[in-house]
Number of protein chains: 2
Amino acid sequence: MDNSDVSDDRNAEKRILESARHIFHIKGFEGTKMQEIADDARINKAMLHYYYRSKDKLFEAVFSEAAMDFFPKVLQLIDNDLPVFEKIKNFVHGYIDVVLTNPCIPGFIISELNQNPERLKKFFSKKQIRPPDKFVNQIIKAARDKKIVPTDPMQLMLNIISLCLFPIVARPVIETIFNIPDNKYLRFMEVRKKEVTKFIINSIKVK
Amino acid sequence: MDNSDVSDDRNAEKRILESARHIFHIKGFEGTKMQEIADDARINKAMLHYYYRSKDKLFEAVFSEAAMDFFPKVLQLIDNDLPVFEKIKNFVHGYIDVVLTNPCIPGFIISELNQNPERLKKFFSKKQIRPPDKFVNQIIKAARDKKIVPTDPMQLMLNIISLCLFPIVARPVIETIFNIPDNKYLRFMEVRKKEVTKFIINSIKVK
DNA sequence: GTCTATATAGGGATAGAC
DNA sequence: GTCTATCCCTATATAGAC
């Protein structure tokens with residue numbers, strides 16, 4: 001079946017960005033060839049340069065888009081008014097869900113940032129990411145009220161994110177050493193949502 | 001200062017592998033150019049092909065070396081006869097120490113494996129990595145003895161590894177969003193060793 | 001806006017002298 | 001074993017017709 005017409009009614013510029021996104025996310029900057037993007041968008045290679053002057057510019061568009069989509073979502077899930085244990089459950093479930101809809105993005109961002117750490121600083125100075133004040137205050141207050149044990153909010157936040165993201169970023173490694181077949185991984189992450197939530201709350205809750 | 005002679009007395013083959021390791025670890029397969037390796041090894045490009053027929057072969061050497069160095073160390077630290085809480089402390093501290101001596105390797109392995117998941121399967125079938133039986137049995141027994149809460153050993157192991165590795169793999173991201181200057185990161189990881197140990201033991205310990 | 005053709009450079013690999 | 005020179009292909013980018 002050929003679904004050319006389905007895509008063709010969106011304009012070329014959008015199709016290019018879509019293909020670029022798809023391929024850059026999987027193969028990274030160096031691994032991606034302009035020809036491959038052109039083919040995927042069913043368009044001529046020259047068109048890429050017509051719309052986005054260079055490979056760098058096209059990559060920049062894809063990268064900012066990913067970062068802009070990614071960081072605010074963490075903040076939104078962690079920096080709200082839910083009570084602390086509910087918030088943690090909600091974060092773990094919600095965050096894993098969100099990431100699983102675009103499972104390549106975290107690895108893409110991390111890997112490209114290791115190549116070129118300046119990229120993020122440039123991005124952050126433009127976009128101004130604010131610190132998670134509500135979360136920080138909430139953790140300090142919960143400790144004062146003896147609901148949780150004294151905890152550095154930033155270390156806790158890093159723990160939560162590590163537990164959610166690492167299994168997705170390192171998926172191929174984990175599939176291999178834990179011998180999980182590819183088609184069982186989603187199910188594994190479903191189970192993991194509950195495990196991680198329990199693990200975190202267990203650790204900080206005062207009993 | 002020129003330290004050519006210091007390195008020159010080791011033979012070319014070793015120097016090449018050393019440079020290849022260094023550059024592949026940082027830039028990955030696609031990002032690495034043979035010329036750059038040659039320059040770094042202060043040797044001619046043709047020599048690379050003389051010793052290691054192709055870029056693929058050279059990469060293969062570097063990758064297996066990294067994997068062979070990396071996976072057994074996890075096993076050695078987690079699958080021994082220490083008592084459970086001591087083992088966890090020992091693992092977190094020892095593992096972070098080991099990884100920090102080669103901080104690029106985890107990201108290198110993860111990222112290359114996302115590009116080509118077959119690589120690890122090939123490697124594992126050769127090298128035969130055994131499962132961490134001692135650890136698994138220990139966790140089951142500790143739960144039976146009510147020393148820890150009932151815990152899936154594999155989920156626990158994944159939790160521990162996530163907490164240790166993610167902050168190293170995602171270092172540039174974390175430095176930026178937590179605003180940690182580059183020269184403070186080692187200190188941050190020192191603090192983190194204790195935090196993570198506490199966090200894990202707190203979570204599973206029966207009080 | 002879209003295509004073909006082509007310029008230009010870079011990168012992997014080899015031939016062949018020493 | 002080590003070097004220079006070179007082959008050949010691929011990749012980014014542009015020129016110019018339509």
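Select DNA strand D and the protein residues around it. There are 15 such residues, and A:Lys45, A:Lys55, B:Asn44, B:Met47 and B:Tyr51 come nearest; a residue is near a strand if one of its heavy atoms lies within 4 Å of it. This is a predicted model, in which local features need pLDDT of at least 70 and side-chain atom pairs count only at pLDDT 80 or more, while totals for chains, interfaces and linings use all residues. Residues are numbered from 1 along each chain as its sequence is written, chains are lettered from A and ligands numbered from 1 in the order in which they are written, and side-chain values use heavy atoms, with hydrogens and water left out.

**DNA strand D**

Display the backbone of the strand together with its bases. Of the atoms of DNA strand D within 4 Å of the protein, 62% belong to sugar or phosphate and the rest to bases.

Next, select A:Thr32, A:His49 and B:Asn44 in turn. A backbone N or O atom of A:Thr32 is 3.5 Å from a phosphate oxygen of DNA strand D. In A:His49, a side-chain N or O atom lies 3.2 Å from a phosphate oxygen of this strand. For B:Asn44, the distance from a side-chain N or O atom to a phosphate oxygen of DNA strand D is 3.0 Å. Two elements each give two or more residues to the surface near DNA strand D, namely α4 of chain A and α4 of chain B. Helices (H or I, at least four residues) and strands (E, at least two) are DSSP runs, numbered from the N terminus. Which element gives the largest share of the surface near DNA strand D? It is α4(B), with four residues.

Colour this surface by residue class. Its residues divide into seven nonpolar, four polar and four charged. In this scheme, Ala, Val, Leu, Ile, Met, Phe, Trp, Tyr, Cys and Pro count as nonpolar, Asp, Glu, Lys and Arg as charged, and the others, Gly among them, as polar.

**DNA strand C**

Now select DNA strand C. It is surrounded by 14 residues, the closest being A:Asn44, A:Met47, A:Tyr51, B:Met34 and B:Lys55. Sugar or phosphate accounts for 60% of the atoms of DNA strand C within 4 Å of the protein, and bases for the rest.

Select A:Tyr51, B:His49 and B:Lys45. A side-chain N or O atom of A:Tyr51 is 2.8 Å from a phosphate oxygen of DNA strand C. For B:His49, the distance from a side-chain N or O atom to a phosphate oxygen of this strand is 3.2 Å. At B:Lys45 the partner is a base nitrogen of DNA strand C, 3.2 Å from a polar side-chain atom. The elements that give two or more residues to this surface are α4 (45-51) of chain A and α4 (45-51) of chain B. Here α4(A) gives the most, with four residues.

**Where the chains meet**

Hide the DNA and select chains A and B. In this view, 46 residues of chain B are in contact (heavy atoms within 4.5 Å) with 46 residues of chain A. About 4,100 Å² is buried between the two chains, with carbon and sulfur atoms giving 69%; buried area is the accessible area (1.4 Å probe) that two parts lose on being put together, summed over both. In chain B, select B:Gln155, B:Phe166 and B:Phe199, which lose the most area to chain A, together 17% of what that side buries.

Two salt bridges are found across this interface, a salt bridge being a side-chain nitrogen of Lys or Arg within 4 Å of a carboxyl oxygen of Asp or Glu. One of them may be seen by selecting B:Lys33 and A:Glu30, whose closest N and O atoms are 3.9 Å apart. Among the elements that give two or more residues to chain B's side are α2 (12-31), α10 (153-169) and α12 (185-204). The largest share of that side, 13 residues, comes from α10(B). By class, the side of chain B that touches chain A has 29 nonpolar, 10 polar and seven charged residues.

**The relation between the copies**

Finally, superpose chain B on chain A. A turn of 180° and a shift of 0.0 Å along the axis lay chain B on chain A with an RMSD of 0.1 Å; copies are superposed by least squares on the C-alpha atoms of residues with pLDDT of at least 70 in both. The two copies are therefore related as by a two-fold rotation axis. To locate the axis, select B:Ser203, whose C-alpha is the nearest to it in chain B, at 1.8 Å. The same surface serves both copies, as 100% of the contact residues of chain B recur in chain A.

Definitions and conventions: Contact = heavy atoms within 4.5 Å. Polar contact = N/O pair within 3.5 Å; in protein donor to acceptor, adjacent residues only side chain to side chain.
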